[in-house]
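Colleague: I've got a model open and I'd like to learn how to read it. Could you walk me through a few features?

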Amino acid sequence: MKVVVAFLALYVTIALGVKEELFKKCHENGFCHRNRHYGSHILEAHDWPYRINSTSLKTSAETSHIWLEILKTISHDKEIVLDLQLSLLNDDNLRVQVNERRSNDLKGVGSLTTHRFNGTGNWVLVDSVTEGKFKSIDASLKEKLGLKYGKYHSAELTYYPLTLKVYYKNQLQMTVNDKKFFNLEHYRTMEDNDMNMLPFELDFDMFKDSFKDSSKDTIPFGPESIGLDFTFNGYQHVYGIPEHADSLSLRDTTNSEPYRLFNIDLFEYEVGSTMPMYGAIPFLLAVKPTKVASGLFWLNSGDTFVDIDKTHLKGVSTHWMSENGIIDFIILVKESPEAINKAYGELSGFTPLPQLFALGYHQCRWNYNDQEDVLQVHENMDKYQIPYDTIWLDIEYADSKKYFTWNKKTFPDPRKMMLELDRTGRNLVIIVDPHFKTGYFVSNELMKQDLCVKDNENKILKAHCWPGESVYIDSLNPKATEYLTSKYQMSSKNTFMGGDDITNVHLWNDMNEPSVFDGPETTFFKDTIHYGRWEHRSIHNMYGMSYHNATFHALTNRLAQSSRNRPFVLTRSFFAGSQRTAAMWTGDNMSKWEYLKASIPMNMNQGIAGMPFSGSDVGGFFGNPSKELLTRWYQTGIWYAFFRAHAHIDSRRREPWIAGEPYTSIIRNAIRLRYRLLPTIYTTMQRTSVEGVPFMRPLFYSYPGNLDTYEIENEFYLGNSGLLIAPVLEEGVKEIIIVLPNVKEIYYDYTNGKMSLESYYGKSQIIKQVTLEDIPMFLEGGSIITEKQRYRRSSKLMINDPYTLIIAPNHDQGKASGQLYIDDYETYDYQNGKSAMIEFEASDKGISSTLIRGEGEEFKVTNHVEKVIVLNFTKQYDAKPLKQVVVNKQQVVEFEIVHNNHLVIKMPNTPMSQNWTIEYEYVESSSLHDEL
Amino acid sequence: MKYTLVVLAAITGVCANVIGAPPADQHLYVPLEDGKWRCLGNPDVVIDYGQINDDQCDCPDGSDEPGTNACSRSGNGGTSADLFYCHNEGHFPGFIERFKLNDGVCDYDKCCDGSDEYKSGACPNKCKEIHQQFVSFSKRLRRDSAVALVQRDRLIKEARAIREKLEHKIDKLKHHQKVNGDGDNGEAKDTNDDNGDGVRDDVMNKIVRSVDAVEAKIALLESIMTKMMDNYNPNFNDGAVKEAIKDFQNYMSEQYNDDDDDDDESSSQLSKLLQSLKLSPSSSSSKVNEANEVNKQIKQYQTDIDIFTQELNRYYGKDDIYRALNDIKISTDYGDYKYKIALLDSIHQDKVLVGKFANFDEHDESILYYTNGSKCWNGPHRSARIILVCGKTHEIISISEPEKCEYTIEMTSPIACHELTEEDIINRFKVDFSQL
């Protein structure tokens, strides 16, 4: 019999939102608390503990290195000696390193490597980095050292108080240790700690951890933190240091939590927070309107906090604090933010050009339940004529979440599925995380081959993640890459990857912060031990990168002999350098408007910090988006470099056709717009791969002179294509305000990729009426973009389709230019010159197309131009009416003036493989007279 | 219908040979006297005849490009139904969407002759192989269908037999009722027993008290569990905790599930309880008892008649055929679950109710809908539809969850069989690409 439940009033609510109490705040984190305390007390000090021993100066014979001793005075009879090294990377980037002298024999540290971890730079910097020479070293003065380097750079190192000033064209850009926050906690034992403390220092949590979840941390080396402040002289805005769900321009943190860089699985993260997230790039960009920009690259992979102080007139001041490791940073000063990106890429690497499919639409869900489900979604995409390139499998494909196995009940024939996807150019991405369930062949092999992460007693660490108890691969060990290589090998026996002829399967690394369900702050204890006898504390922020690097190399090996050999790897955790081997996404966001909005500054900061191949889950991971939100998210998501829809297992299905009309058609239009613009998008990615420019490009990149652009985070450019996008990010709005960054240029309304009657000039902002269909887009005067306007099922099937050019003449002279990059979209042959860059130039006289081949093997361009559109043709070139249009000086072609204004030229299938011209012949003014 | 076009074309005997246009439409692609041509859907737009299939989209309706994808525009808002005609000699002529032309994919399911890739010629003619596949498919299908149709006839007979049996039963009951009713002495109706009241109140009070106590305990347990559900750390993958939370969430969903009918049901439960107290044996005379017995018997006959009549009148599809499936229960392991299907009753996934049979699809009775399954946590009530396709036996082909908590089950059944037309076979035929 059923009992009448009177307690019906009990209402079920789901607790959403981050469990903040699980994560350390600065005051709960020994080193952060101590450094902030140090900073607030050193300001009142009359003398400072650190100074340079001027007699210690040494330089290398070729003047590429400078060595000095820093003396840390504890008391009148106690001094600690630190080693300072100055060097130049790639000519004009100043690197500063400070280390302490440590004995090889320290008490109570077991078998751990005793010296401070100095390997971050080795993981991050690329092999091609060269060491530069100082142009001059002036040691003539006792109190300071003068340095000249690069074309416009100079620096001044003052011995006491210890400061370093960096100048560009004789203008002060940065002052290091301006506030005297320089701090290096040298080695001491608990017993002799009293004799090693400075009077104003705090001893909070030097030898223990009072945070509940991490109180078992043995902290074998005691306090070893480092801290340093940098003032960006004359700068009001700083950017970068992802990953945070926060504003584009970093905010003042003097009375709040500092930005923290500590890779964690931050469950249900909140927006507008300085809390750490899945990845960390300790790179900060400062920009000011006077044709100069500065970058600071803090090479430390440990737990790090950054305080931003915007309260001084001098400029933004930043305080960097890391738990351990050496002080190691690089100062970049250049003429523009773009130049900083390029220099940063030359140091830490660029994003390699991905296969074209990776820039197409990715359809993901946790989970597509079975093989039938995958193929049903696949078929529906074609049924609803929505282009897509890749379908994804989350953790449920595997038998009991044991990666490298398939659940045979739900996926009886993965190979068949892969082949069916391949038939229409589609790809499959499968997830393989770094934790491996105990008790099956992979974890057994890892244990047997000594490739697991160890606990603080040097025993194999067993902790919990998706599959339950698991071991974690120690991907810092080079042998781990070899192991993964064997697992992904191109072999007929490799049934996991479908056999020896499957080349359309790529990989996804998730949970690689690492995420540990039963660990402190959802990750490893900091005294966990890695290859090289290093504490996890030293390398934490690089663990995720070490894993996706290994995956990338393994997949590279698998595909090496195939005709589609550029691998694709997606990672959730990342560090500086991750851009070389993986794309990233912003993790587990929510189906709410504020997350849609936050995705833009988050992805822009990824680009600023040199990892522009990024995106956010379209639709939001947790929850169920309204149809309007889903639609708006697609309209925004098509502009992420990595464009993927994803959803949590408990959320309702939301593939594009489920919303129904009019939403499905609007979403289809958005996705088709992405595909239509793929030529421009691929060209943008190619520029990114050699120049490091952001894919979602902040407005201030183009107009650093216009301070009003510095905080715009709801608009952006598509790379340097000249396409300005202002997606609708709010519910139910009928109009939006759009900032136009340059009042001296024309902005052609190109909303939804359609020619419009509207164009704007001389307005710094406009109000635009919008409907649900609208993606507000503008072409900036002076630009030319390329499109492929015909719908195909996938990007691979578009390869032979013809191009359409959209020309937006600039205001002053009616000129425009643009580029189109083409290669085979799949292989590395472009590295041997098999590529083409086509340069377009337009003016009132006509248009020219010039093909520049890569050096080396010849690349055959087989495409045609089918159409050329010149926006505002009549308005721009209004002097004379157009009589005829001549292609290649011989062929008169059909043209049409649309909206009384735009010129549309139907091209006679002009081959792109050769240079071509279009000439306008106007009705001569004299003949006009005659007619009159 | 499509195949009659070939015949038509043969009759009209056109001279144009425009690639992509079916024979029946070739006559539309004849130039005007001045060498011009009018767009089919926009006759006011006149173009040069040479602009047909020149890979430039000139007509707003796309009729100038039957043989290219030039008019398969990206931004047209809807899907395109513009088709290209494939001759498919040796098989059946086919039509393919123009956006599939010359894209490097051999879409043999539509164009077995590979003519969709006419530019590269990269797709050799496979009509022979595909027609072979079709012939053996067709043979198999016809053979199976013949067997299945026999099964279907059997089911219809069974249904009829069941129906007759029911009718017979009802007649019999009606007869009994009549016989018994004639002997009724009319005194039996007065069965009130005043002595029962005190006992009843006592029992009722006890029940109410115990219900109160149970409710209080449940409320306490629920508040403990709710606190845990709201505050547990989802990142700590303690299997036991996670499972308990999940079960509790399901339990809570079930509670709200029942809300709607709780009051009714419970009050009817209580009234039944009262009823049973009223009817409980007391100190009354045996004569009264006897009368009660007779009365009860008559009531029982009526109840049975009602039940059987209701069953007789229940809708079992147009030809009553589903009546034969009332007792069919199918149970199968699919994916990680065991599914139990009682076709006209309910579907279970392990122990979870996926849905109760609600109705047939109004246009197609081989589609059955099931609703009001247990509530998904944080989601809707589970529901399902079963699609029956022709087959000899009752077997599950596939189970999918195209929308969260909404299942689609494909199942074979002789019920879905009917005499096959050529078109049916063609529609059901799928090219096996792995055999090409």
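Colleague: Let's start with one residue. Where is the place of A:Asp455 in chain A?

Modeller: Keep in mind that this is a predicted model. To place a residue, look for the elements on either side of it. A:Asp455 sits in a loop of chain A, with α6 (441-448) and β23 (463-465) as the elements that the loop joins.

Colleague: And which residues does A:Asp455 touch, leaving out those up to four places away in sequence?

Modeller: Contact here means heavy atoms within 4.5 Å. By that test A:Asp455 touches A:Leu461, A:Asp527 and A:Ile529. You can also look at the backbone: A:Lys526 is 71 residues apart from A:Asp455 along the chain, and their C-alpha atoms are separated by 9.5 Å.

Colleague: Now sheets. How do I read the order of the strands in the open sheet of eight strands?

Modeller: Read across the sheet, going from each strand to its neighbour. In chain A that gives β30-β29-β28-β25-β21-β20-β19-β31, and the pairing is parallel. The two ends are the edge strands, β30 (614-615) and β31 (643-645), each of which pairs on one side only.

Colleague: Can we zoom in on one pair? How many bridges link β25 and β28 of chain A?

Modeller: Three bridges, in the parallel sense, between β25 (residues 505-509) and β28 (residues 569-571) of chain A. For a residue to click on, try A:Trp508: its bridge partner in β28(A) is A:Leu570.

Colleague: On to holes. How many cavities of 30 Å³ or more does the structure hold?

Modeller: There are 14 of them. The largest has about 160 Å³ of space.

Colleague: What lines the largest cavity?

Modeller: Start at the centre and work outwards. The lining has 20 residues, and A:Phe31, A:Asp205, A:Ile219, A:Glu323 and A:Arg537 are the ones nearest the centre. Then sort the lining by character: twelve residues are charged, four are polar and four are nonpolar. Helix α1 (residues 30-42) of chain A gives the largest share of this lining, with three residues.

Colleague: Last, the big picture. Which domains is chain A divided into?

Modeller: Domain 1 covers 20-348 and domain 2 covers 781-932. Taken over C-alpha atoms, the centres of these two domains of chain A are 51 Å apart.

Colleague: What feature does UniProt place at residues 692-785 of chain A?

Modeller: The record, an unreviewed entry, lists "domain: Glycosyl hydrolase family 31 C-terminal" there. In the model, residues 692-785 of chain A are 32% strand and 4% helix, with 20 Å between the end C-alpha atoms.

Key. Residues are numbered from 1 along each chain as its sequence is written. Chains are lettered from A and ligands numbered from 1 in the order in which they are written. This is a predicted model: local features need pLDDT of at least 70, side-chain atom pairs count only at pLDDT 80 or more; totals for chains, interfaces and linings use all residues. Side-chain values use heavy atoms; hydrogens and water are left out. Domain bounds come from an automatic or database domain assignment. On a 1 Å grid over the protein atoms alone, a cavity is a set of points where a 1.4 Å probe fits but cannot get out, and a pocket is an open set with protein on both sides within 12 Å along at least five of seven lines; lining residues have an atom within 4 Å of a point. Grid points are joined across faces, edges and corners, and a volume is the space filled by probe spheres set on the points. Ala, Val, Leu, Ile, Met, Phe, Trp, Tyr, Cys and Pro count as nonpolar, Asp, Glu, Lys and Arg as charged, and the others, Gly among them, as polar. UniProt positions are given in the numbering used here, feature names are shortened, and annotations may be inferred rather than shown by experiment. Two strands pair if DSSP finds at least two bridges between them.
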